[in-house]
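Reader: I'd like to get the hang of the words people use for strands and helices. Could we go through this one together?

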Amino acid sequence: MTTTQPSPTAAGSGSSATEAFRATRSTASTAQTVPPERVSAVVSSLLAGIHRTIRSESVTYDEFQAAKQYLIEVGEGGEWPLLLDVFVEHVVEDVASRDQNCTKGSILGPYYLPGQARLDSPATLPARPDERGTTLVFSGQVRDTLGNPLPGAAVDIWQADEQGYYSGFAPHVPDGNLRAVVVADREGRFEIRTVEPAPYQIPTDGPTGTLIEAAGWHPWRPAHLHLLVSASGMRPITTQLYFRGGEWLDSDVATATKPELILDPVDAGDGTHAVEYDFVLERA
Ligand code: DHB
Ligand code: FE
């Protein structure tokens, strides 16, 4: 199957991602939030890795200067959130989940926007009147590790549309489109009506896309739903759900798929798809 949807422009998504990231950070500077011992330990190890690569790959002055120029362009293009989330975050998530005993997590990515519409379940995600795509009814229950339902759990969901665009990061998509915080009922159950997203392509016209092309990689993520599931007294989980048989599942450019996170929607008979997925949270 060929995927023909247009790609979001790097300038649109990249610079907004930097703004969105800044908005979620407190004003405290890095020096105030990370203790000096950790800065020293982590940065020393990081630099040692770079030094080792320069020696083992016999990196030339030309390549060093090209790298410097590239890093300047990543900043100027506002693409640090894209670059880091696509190539680095999956390992941070892997380390963070070492002691977790709940639903598998995945990366947050650069397109989370807090403060979306809060809707009681059953809910329909805000969408344009002519929103394209196969209707998906996504339902399930949020429970603790003992199987007890978590009443009023919040399912914060965001996704690309049927063309691979995220609201807030593509100028033609209205703010809040295909984003909401859905509040589960007294039994922790939720039902969310939405459309199936398309695979997502890293914008090819910015520095992240340039690197992907220069290295001969591909810029695709398989179609996915983003979720941040929380309940009072419980540790929130950030995860993503994918679709069985979806393109790029086995070669996600962000390395963020897991076998436990693949949905298998069924045709409900009227051309719409339905799928259930339960979330398990552990105590905070
Ligand atoms: C990126 C985009 C995504 O939609 C995502 O889920 C993860 C990473 C990115 O462009 O870096
Ligand atoms: Fe995404």
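Author: Sure, starting with strand 10 and strand 11 (residues 262-263), which run parallel and are joined by two bridges. This is a predicted model, where local features need pLDDT of at least 70, side-chain atom pairs count only at pLDDT 80 or more, and totals for chains, interfaces and linings use all residues. Residues are numbered from 1 along each chain as its sequence is written, and side-chain values use heavy atoms, with hydrogens and water left out.

Reader: What makes strand 10 and strand 11 a pair?

Author: Pairing takes at least two bridges found by DSSP, and strand 10 and strand 11 have two. In one of them, F243 is partnered by L263 of strand 11.

Reader: In which sense does strand 9 pair with strand 10?

Author: Strand 9 (residues 224-230) pairs with strand 10 in the antiparallel sense, over six bridges. For example, H224 has Y242 of strand 10 as its bridge partner.

Reader: Why is strand 10 called largely enclosed?

Author: Buried means under 20% relative accessible area (exposed is over 50%, partly exposed in between, with a 1.4 Å probe and protein chains only). Six of the seven residues of strand 10 (residues 237-243) are buried, so the rest of the structure largely encloses this strand.

Reader: How do the axes of helix 4 and helix 7 cross?

Author: The axes of helix 4 (residues 61-76) and helix 7 (residues 207-214) come within 9 Å and cross at roughly 140°. That makes helix 4 oblique to helix 7, because under 35 degrees counts as roughly parallel, over 145 as roughly antiparallel, 65 to 115 as roughly perpendicular and the rest as oblique.

Methods
Chains are lettered from A and ligands numbered from 1 in the order in which they are written. Axes are lines fitted to C-alpha atoms, for helices over the stretch in contact, and angles run from 0 to 180 degrees between N-to-C directions. Helices (H or I, at least four residues) and strands (E, at least two) are DSSP runs, numbered from the N terminus.
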